[in-house]
Structure formats: C-alpha cells, structure tokens
Amino acid sequence: MAATNQTSFNNPKFTVPVNDVEQQTSLELEAVKEFDYSKRSQWLRAAVLGANDGLVSTASLMMGVGAVKQDIKAMILTGFAGLVAGACSMAIGEFVSVYSQLDIELAQMKRDKERGTDPEDQNKEDENKEDLPNPLQAAAASALAFSLGAMVPLLAASFIRDYRFRVGAVVGAVTLALIVFGWLGAILGKAPLVRSSVRVLIGGWIAMAITFGLTKLIGSSGLR
C-alpha cells in the first residue's frame with residue numbers, strides 16, 4: 001500500500017509546474033520594470049528637450065544683442081530676461097496642457113463609473129487614479145529644465161569683459177552643452193548617438209547664427 005501511494009505521488013499528473021510559475025512571475029516582473037523605465041525615460045527625455053530649448057533660445061537672444069551692443073551688462077540682462085520669460089512660458093504651457101489631459105482622463109473615468117463596474121474594474125480605476133498626471137509637478141519640472149539650460153550661456157558670459165572672448169565663450173559652452181543634450185536625447189530615445197548629437201548641434205548653431213546675423217543687419221541699417 002505504501003508502495004502504491006509512493007508511486008501515485010510520483011505520477012506526473014500530480015506534479016506541480018513550478019518552473020512555469022517561476023517563468024510567469026519573472027515575465028510579469030520584467031513587464032513592470034519595462035513599464036516603469038518607459039515612464040521614467042519619457043520624463044527624462046522631456047526634461048532634456050526643455051533644457052535644450054532654454055539653452056538655444058537664451059544663447060540666441062544673447063548673441064543677437066551682442067551683435068549690436070558689446071556691453072556685457074546688456075548681454076547678461078537679455079539672457080536673464082530670456083530665462084525668466086522662457087521658464088514662465090514653458091511652465092504655463094505645460095500646466096495648461098497637462099491639466100487638459102487630466103480633465104479628459106477624469107471625465108472618462110466618470111463615464112466608466114456611471115456605467116457600473118466589476119470589482120476588478122474598480123481596482124483598475126483606483127490604480128489609474130494614482131497614475132493621473134500632476135499639472136503643478138509638470139509645470140515645475142518644465143520651468144526647472146528650461147532654467148538649467150538657460151544658465152549655461154549666462155554663466156559662460158558673466159565673468160568675461162572682453163567682447164570677442166565673451167562671444168567665443170558663449171559659443172563654446174553652448175556647443176558642448178548641445179552635444180551633451182543630443183547624446184542624452186539619443187540614449188533616452190534609443191536613436192543613433194552621433195547622428196542625433198550632430199543634428200542637435202547644427203540646429204543650435206543655425207539658431208544662433210540667424211539671430212546674430214539678422215540683428216546685426218538690422219542694427220547696422222540704422223533702424224531707430
């Protein structure tokens with residue numbers, strides 16, 4: 001009888017598929033990690049783009065004013081005004097955009113709730129509430145990223161009195177920052193590193209060159 005019980009417990013029909021359970025659990029954990037990484041990478045990529053906007057716009061403003069006024073005070077004040085105005089604009093735009101998205105998601109959740117939901121759907125709804133976007137957080141992050149990028153040309157020009165060295169320092173600092181931002185954006189977006197960095201670099205150079213050239217042209221034409 002003991003032998004019969006031993007044989008029955010060893011029968012494959014009574015074997016628990018432990019390996020399948022472990023494999024399914026590992027796949028679920030990998031999916032969660034991939035989801036979390038995707039969300040983090042989106043935030044980081046948005047931060048890099050915001051910093052790049054602050055860098056290029058502020059540097060272009062400073063180069064434009066520097067084309068007609070060699071005074072260091074004029075360049076610094078222009079850059080600071082560009083930093084404040086750009087950060088406020090980015091924050092307000094991000095706040096309005098994310099708040100609109102929040103209203104849409106809340107309205108959809110309200111419609112789903114009115115239809116009547118199962119307990120499982122209720123749990124999903126609670127999880128979705130935790131993942132709702134925060135407009136204030138998004139606005140603060142956007143303004144901070146823009147400000148960090150705008151600080152690069154400001155710091156590069158703040159301590160150099162000579163006009164030519166000051167302009168060269170701004171161009172050099174912005175060039176280095178553009179390469180770094182292009183590299184970070186390529187990594188987060190899983191794009192080719194060299195091509196993305198060169199594209200961002202050339203775009204920043206073109207923006208500064210156009211602003212410098214047009215301002216120089218208008219300033220030399222005697223516009224009053």
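Helix axes here are lines fitted to C-alpha atoms over the stretch in contact, and the angle between two helices runs from 0 to 180 degrees between their N-to-C directions. Keep that in mind for the exercises on helix packing. The model is predicted.

**Exercise 1. The overall make-up**

Task: State how many helices and strands the protein chain has, and in what order its elements run.

Solution.
- Step 1. Count the elements. The protein chain has 7 helices and 0 strands.
- Step 2. Read from the N terminus. The order is α-α-α-α-α-α-α.
- Step 3. Add the burial. Of the 224 residues in the protein chain, 28% are buried.
- Step 4. Add the surface. The protein chain exposes about 15,100 Å², and carbon and sulfur atoms supply 64% of that area.
- Step 5. Look at the contacts with a separation of 6 or more. Residues 24 or more positions apart account for 76% of them.

**Exercise 2. α5 against α6**

Task: Find the angle and the axis distance between helix α5 and helix α6, then say how the two are oriented.

Solution.
- Step 1. Locate the helices. Helix α5 covers residues 135–158, and helix α6 covers residues 163–189.
- Step 2. Take the geometry. They pack at about 150°, with axes 8 Å apart.
- Step 3. Classify the angle. Angles over 145 degrees count as roughly antiparallel, so α5 is roughly antiparallel to α6.
- Step 4. Give the handedness. α5 passes α6 in a right-handed crossing.
- Step 5. List the residues that meet. From α5 come Val152, Pro153, Ala156 and Ala157. From α6 come Arg166, Ala169, Val170, Ala173, Val174 and Ala177.
- Step 6. Sort them. The contact of α5 with α6 has 9 nonpolar residues, no polar ones and 1 charged.

**Exercise 3. α6 against α7**

Task: Describe the crossing of α6 and α7 and the make-up of their contact.

Solution.
- Step 1. Locate the partner. Helix α7 spans residues 193–220.
- Step 2. Take the geometry. The axes of α6 and α7 come within 8 Å and cross at roughly 145°.
- Step 3. Give the handedness. This crossing of α6 and α7 is right-handed.
- Step 4. Find the residues. On the α6 side, they include Tyr163, Val174, Leu178 and Trp183. On the α7 side, they include Leu193, Val200, Trp205 and Phe212.
- Step 5. Sort them. The contact of α6 with α7 divides into 13 nonpolar, 5 polar and no charged residues.

**Exercise 4. Met62 and Pro153**

Task: Decide whether Met62 and Pro153 are buried or exposed, and trace their contacts.

Solution.
- Step 1. Place them. Met62 lies in helix α2, residues 18–66. Pro153 lies in helix α5.
- Step 2. Apply the cut-off. Buried means under 20% relative accessible area. Met62 has 0%, so Met62 is buried. Pro153 has 0% too, so Pro153 is buried.
- Step 3. List the contacts of Met62, leaving aside neighbours within four places in sequence. They are Met75, Thr78, Gly79, Pro153, Leu154 and Ala157.
- Step 4. Do likewise for Pro153. Its contacts are Leu55, Thr58, Ala59, Met62, Val170 and Val174.
- Step 5. Set sequence beside space. Met62 and Ala157 are 95 residues apart in sequence, and their C-alpha atoms are 9.2 Å apart. Pro153 and Ser60 are 93 residues apart in sequence, with 9.4 Å from C-alpha to C-alpha.

**Exercise 5. Three more residues**

Task: Sort Asn52, Ser142 and Trp205 into buried or partly exposed, and name their contacts.

Solution.
- Step 1. Start with Asn52, in helix α2. Its relative accessibility is 16%, so Asn52 counts as buried. Beyond four places in sequence, Asn52 touches Leu178, Phe181 and Val200.
- Step 2. Go on to Ser142, in helix α5. Ser142 has a relative accessible area of 11%, so Ser142 is buried. Leaving aside neighbours within four places, Ser142 is in contact with Met90, Ala91 and Glu94.
- Step 3. Finish with Trp205, in helix α7. At 40% relative accessibility, Trp205 counts as partly exposed. With neighbours within four places set aside, Trp205 is in contact with Thr175 and Leu178.
- Step 4. Check one distance. Trp205 and Ala59 are 146 residues apart along the chain, and 9.9 Å separates their C-alpha atoms.

Methods
Residues are numbered from 1 along each chain as its sequence is written. This is a predicted model: local features need pLDDT of at least 70, side-chain atom pairs count only at pLDDT 80 or more; totals for chains, interfaces and linings use all residues. Side-chain values use heavy atoms; hydrogens and water are left out. Helices (H or I, at least four residues) and strands (E, at least two) are DSSP runs, numbered from the N terminus. Buried means under 20% relative accessible area, exposed over 50%, partly exposed in between (1.4 Å probe, protein chains only). Contact means heavy atoms within 4.5 Å. Angles under 35 degrees count as roughly parallel, over 145 as roughly antiparallel, 65 to 115 as roughly perpendicular and the rest as oblique. A crossing is left-handed if the near helix is turned anticlockwise from the far one by less than a right angle, and right-handed if clockwise. Ala, Val, Leu, Ile, Met, Phe, Trp, Tyr, Cys and Pro count as nonpolar, Asp, Glu, Lys and Arg as charged, and the others, Gly among them, as polar. Accessible areas come from the Shrake-Rupley method with a 1.4 Å probe; for residues, only the protein chains shown count as cover.
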